[in-house]
Amino acid sequence: MRTLYHLPLSPYSRKIRLVLGEKRLPFEAVVERVWEERPEFLAMNPAGEVPVLVEDNGLIVPDSSVICEYLEEAYSDTPLLGRTLAERVEVRRLVAWFDERFAQDVSGRFIGERVMKRISGRGNPDGTVLREGYAAMKPHLKYINFLAENRNWLAGNFLSLADFAAAAHLSCLDFIGDIDWSKAPAVRDWYARMKSRPCFRPLLGDRVSGITPPDYYANLDF
């Protein structure tokens, strides 16, 4: 059985869980407490970060972007990058935007302060960092809402890795109750469609000690 080392509220881990589910690739999910710096895990990924995928044949694939490219090449029956060069450029652009810019400005702030500090015992959230995250979220949600209003899916007329990257980050924020969905109705409708996909069900069942998601978190219709 292939194994995915992950954290439940890591957007990068969630992205890989969604992609594996969409491609119908069975896997065992193993929670890795990265702050413990377990030697066996560091031997697999010296960066000490999740996710890390270990294939049946022992191949170790670290880093969510590397894992996604690997899965596209190794399991191409369900393509998630698009068919044409232009489509693939747009998908990769949006994935990078979510995994880098959105993470830096928004999701990384909230997850770092509200989740990682709690579960690793590093103290209380920094109010200044959270306020900066809330301020940054407004223009980001506005842009995602624009995409959702004008396209069938975020990158165009096809479901793609961009949708799974976005859903991974937004689902983490939704779990900790930090999204006002009324401010982005088109994003809310798109996210409801994403939540309805079979690959999303395991994420809706996630629970983290000490953190209670909103009552609507697991509801497909909010």
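**Figure 1. A salt-bridge network joins R14, R17 and D206.** In this predicted model, the side chains of R14, R17 and D206 are connected to one another through a network of salt bridges. Keep this trio in mind while browsing the charged pairs in the next views: a search through the whole structure turns up 15 salt bridges.

**Figure 2. E72 and K23 form a buried salt bridge.** How far apart are the N and O of the E72 and K23 side chains? They meet at 2.9 Å, N to O. The pair links distant parts of the chain, with the two positions 49 residues apart in numbering: E72 belongs to helix α3, while K23 sits in the loop between α1 (11-22) and β2. For anyone thinking about charges, note that both E72 and K23 are buried.

**Figure 3. R92 and E69 bridge two helices.** Here the side chains of R92 and E69 come together in a salt bridge of 3.1 Å, N to O. R92 lies in helix α4 and E69 in helix α3, so this pair ties together parts that are 23 residues apart in sequence. R92 is partly exposed, with a relative accessibility of 37%. E69 is partly exposed too, with a relative accessible area of 30%.

**Figure 4. D178 meets R114 in a salt bridge.** The N to O distance for this pair is 2.7 Å. Which parts of the chain does the pair link? D178 comes from the loop between α6 and α7, and R114 from helix α4; the two are 64 residues apart. Is D178 buried or exposed? D178 counts as buried, because its relative accessibility is 5% and the cut-off for buried is under 20%. Its partner R114 is partly exposed, at 28% relative accessible area.

**Figure 5. D174 is buried and has no salt bridge.** This aspartate is part of helix α6 (residues 161-175). Why does D174 have no salt bridge with K195, the nearest side chain of opposite charge? K195 is 4.6 Å away, and a salt bridge needs the nitrogen and the carboxyl oxygen within 4 Å. What D174 does have is a polar contact, side chain to side chain, with W181 at 3.0 Å. Beyond its sequence neighbours up to four places away, D174 touches I179, W181, Y191, P214, Y216 and Y217.

**Figure 6. Helix α7 packs its buried residues against other helices.** Within α7 (residues 185-195), the buried residues are A186, V187, W190, Y191, A192, M194 and K195. Which elements do they pack against? The answer is α5 (127-150), α6 and α8 (201-204). Two names from Figure 5 return here: Y191, which touches D174, and K195, the nearest side chain of opposite charge to D174.

**Figure 7. W190 sits among the best-connected residues of the largest nonpolar core.** That core has 74 residues, and those with the most contacts inside it are L154, L170, L173 and W190. Helix α4 (residues 85-119) contributes the largest share, eleven residues. Setting aside neighbours within four places in sequence, W190 is in contact with A148, W153, L154, D163, A166, A167 and L170. Two of these partners, L154 and L170, are also listed with W190 for the most contacts inside the core.

**Figure 8. E90 is a buried glutamate in helix α4.** E90 counts as buried because its relative accessibility is 15%, and buried means under 20%. Apart from neighbours within four places in sequence, E90 is in contact with R151 and A155.

**Figure 9. Residues 1-79 include some unusual backbone geometry.** An unreviewed UniProt entry places the feature "domain: GST N-terminal" at residues 1-79. Over this stretch the chain is 37% helix and 18% strand, with the end C-alpha atoms 22 Å apart. Most residues other than glycine have a negative phi, and most peptide bonds are trans. Against that background, V50 and P51 are joined by a cis peptide bond with omega of about 5°. P51 is placed in the loop between α2 (39-44) and β3 (52-54). E37 has a positive phi, near 50°, and is located in the loop between β2 (28-31) and α2. D63 also has a positive phi, near 75°, in the loop between β4 (60-62) and α3 (64-74). E37 counts as exposed at 57% relative accessibility, whereas D63 counts as partly exposed at 36%.

Technical notes
Residues are numbered from 1 along each chain as its sequence is written. This is a predicted model: local features need pLDDT of at least 70, side-chain atom pairs count only at pLDDT 80 or more; totals for chains, interfaces and linings use all residues. Side-chain values use heavy atoms; hydrogens and water are left out. Helices (H or I, at least four residues) and strands (E, at least two) are DSSP runs, numbered from the N terminus. Buried means under 20% relative accessible area, exposed over 50%, partly exposed in between (1.4 Å probe, protein chains only). Lys and Arg count as positive and Asp and Glu as negative; His and the chain ends are not counted. A polar contact is a pair of N or O atoms within 3.5 Å; within protein, one must be able to donate a hydrogen and the other to accept it, and residues adjacent in sequence count only if both atoms are side-chain atoms. Contact means heavy atoms within 4.5 Å. UniProt positions are given in the numbering used here, feature names are shortened, and annotations may be inferred rather than shown by experiment. A nonpolar core is a set of buried Ala, Val, Leu, Ile, Met, Phe, Trp, Tyr and Cys residues joined through side-chain atoms within 4.5 Å.
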